[in-house]
Protein chains: 2
Amino acid sequence: VSTSAIRPGGRSERVRRSVIAATAEELLESGYEGLSLAKVARRAGVYYMTVYRRWPSKNRLVLDAVIDLTRERVPLPDLGDLRSDLRVYFRTMAEAYAEPRGAAFVRALVEIADDTTFANELREYWQDRFLVAEELVARAVGRGELPSSTEPWGLIELIAGPMWMRLLMTHIPVDEEFLDRAIERAIRAVS
Amino acid sequence: VSTSAIRPGGRSERVRRSVIAATAEELLESGYEGLSLAKVARRAGVYYMTVYRRWPSKNRLVLDAVIDLTRERVPLPDLGDLRSDLRVYFRTMAEAYAEPRGAAFVRALVEIADDTTFANELREYWQDRFLVAEELVARAVGRGELPSSTEPWGLIELIAGPMWMRLLMTHIPVDEEFLDRAIERAIRAVS
């Protein structure tokens, strides 16, 4: 189900929004293991079949919720220069992860990624992030801040990789100094 | 319990080795959730109290096993130049993760990292990895391959971060081409 095909403001869109919101709340309350389509339907106040028809699996539902909430919570900034855009983008991401809801979503994403039967849907989530990276880099190339050969995801991985390694593995603090330095290094590495 | 304080080859060391091996097997068979000190003791053929005295918690035991197996499976190479050392080190790491035992350990490490009451022990695991990074960078600085101002963990994060983000989150393949490029970029970024 492509979310962009749904007319905004219609009943269908209202149902979608309340189901996505209920998914976020359930995930926060029960975690990924405890979440079920039935619980989400009950919380959203809609029939189980209404949820099931659009999101035939728990992973499908969680992933759509993660796509939605990432777009909403971590939008692509457009401040007129590359460093400012990257700074705001990654600071917002780290702040979103510091909130219980953000952390619950990232953990769910890591769990879903382990499920190899779900590779296509996982790719869909990241496709959405790749597009953001492409837009950000295209603007910077247009302003002459990056070489036109810059591989957008390569740049993002150099900043996001060390950041997620800290947040998920080493637990070394992610502060503004770390992010600023990571951004400088990433730009130097691809230039 | 400092593992290095134990005389190698003694009975104490033999017990330690069999408990660590049993932990690895249990983790592979039952996963982190299913693992218990009692099951590990049974598999290792030792008394529960023998395990409990040295490893008073499941996290402590799993972490010691991860430290041991990382040292054994992903040793620091010494090939005479920085690029070769980094290449072999990270290829071996990616290969170890491709094995079921390696993946089980990394997942356990991510789960343990979520437990904030376990911050000191987690730091101990990474301390072991920081020392490896320091030795690797010190040698390269000695050969004039890196500036003496190089922050060892900063260099490692620029390669390991994008690698773990692929393995745990995006599932973009980690191949030799990716690792070689990540290594070149990391060296450029810190130079």
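**Figure 1. Salt bridge between B:Asp85 and B:Arg139 in a predicted model.** The side chains of B:Asp85 and B:Arg139 meet in a salt bridge, with 3.6 Å from N to O. A salt bridge is here a side-chain nitrogen of Lys or Arg within 4 Å of a carboxyl oxygen of Asp or Glu. B:Asp85 belongs to helix H5 of chain B and B:Arg139 to helix H7 (residues 119–142) of chain B, so the pair ties together parts that are 54 residues apart in sequence. Helices (H or I, at least four residues) are DSSP runs, numbered from the N terminus. Both B:Asp85 and B:Arg139 are buried, a term that stands for under 20% relative accessible area, with exposed meaning over 50% and partly exposed in between (1.4 Å probe, protein chains only). The model is predicted: local features need pLDDT of at least 70, side-chain atom pairs count only at pLDDT 80 or more, and totals for chains, interfaces and linings use all residues. Residues are numbered from 1 along each chain as its sequence is written, chains are lettered from A and ligands numbered from 1 in the order in which they are written, and side-chain values use heavy atoms, with hydrogens and water left out.

**Figure 2. Surroundings of B:Thr92 in helix H5 of chain B.** With a relative accessibility of 16%, B:Thr92 counts as buried. A polar atom of the B:Thr92 side chain lies 2.5 Å from the backbone oxygen of B:Val88. Leaving aside residues up to four places away in sequence, B:Thr92 touches B:Arg73 and B:Val74; contact means heavy atoms within 4.5 Å.

**Figure 3. Aromatic pairs in chains A and B.** Over all chains, a search of the whole structure finds 12 aromatic pairs. Rings of Phe, Tyr and Trp (its six-membered ring) pair if their centres lie within 6.5 Å; planes under 30 degrees apart count as stacked, over 60 as edge-to-face and the rest as tilted. A:Tyr89 and A:Phe90 form an edge-to-face pair, 5.3 Å centre to centre and with 75 degrees between the planes. Both A:Tyr89 and A:Phe90 are buried. The ring centres of B:Tyr97 and B:Trp164 are 5.5 Å apart and their planes stand at 85 degrees, so this pair is edge-to-face. The pair links distant parts of the chain, 67 residues apart, with B:Tyr97 in helix H5 (residues 82–98) of chain B and B:Trp164 in helix H8 (residues 152–170) of chain B. Both B:Tyr97 and B:Trp164 are buried. In chain A, one aromatic cluster is formed by A:Tyr125, A:Trp126, A:Phe130 and A:Trp153.

**Figure 4. Salt bridges within chain A.** The whole structure holds 44 salt bridges over all chains. One of the pairs is A:Arg43 with A:Glu25, whose closest N and O atoms are 3.2 Å apart. This pair links distant parts of the chain, 18 residues apart: A:Arg43 is in helix H2 (residues 37–44) of chain A, and A:Glu25 is in helix H1 (residues 11–34) of chain A. A:Arg43 counts as partly exposed at 33% relative accessibility, and A:Glu25 is partly exposed with a relative accessible area of 40%. A salt bridge also joins the side chains of A:Arg129 and A:Asp128 (3.4 Å, N to O). A:Arg129 is buried, with a relative accessible area of 6%, and A:Asp128 is buried, with 13%. Elsewhere, A:Glu13, A:Arg16, A:Arg17 and A:Asp68 are linked in a network of salt bridges.

**Figure 5. Surroundings of B:Asp68 in helix H4 (residues 58–73) of chain B.** B:Asp68 has a relative accessible area of 15% and is therefore buried. Apart from residues up to four places away in sequence, B:Asp68 touches B:Arg16 and B:Ile20.

**Figure 6. Interface of chain A and chain B.** In this interface, 31 residues of chain A are in contact with 31 residues of chain B. The two chains bury about 3000 Å² between them, 63% of it on carbon and sulfur atoms; buried area is the accessible area (1.4 Å probe) that two parts lose on being put together, summed over both. Between chain A and chain B the count is 6 salt bridges. Across the interface, the side chains of B:Glu157 and A:Arg166 meet in a salt bridge (2.7 Å, N to O). Helix H6 (100–114), helix H7 (119–142), helix H8 (152–170) and helix H9 (176–190) of chain A each supply at least two residues of the side of chain A that touches chain B. The largest share of that side, 13 residues, comes from H8(A).

Terms used
A polar contact is a pair of N or O atoms within 3.5 Å; within protein, one must be able to donate a hydrogen and the other to accept it, and residues adjacent in sequence count only if both atoms are side-chain atoms.
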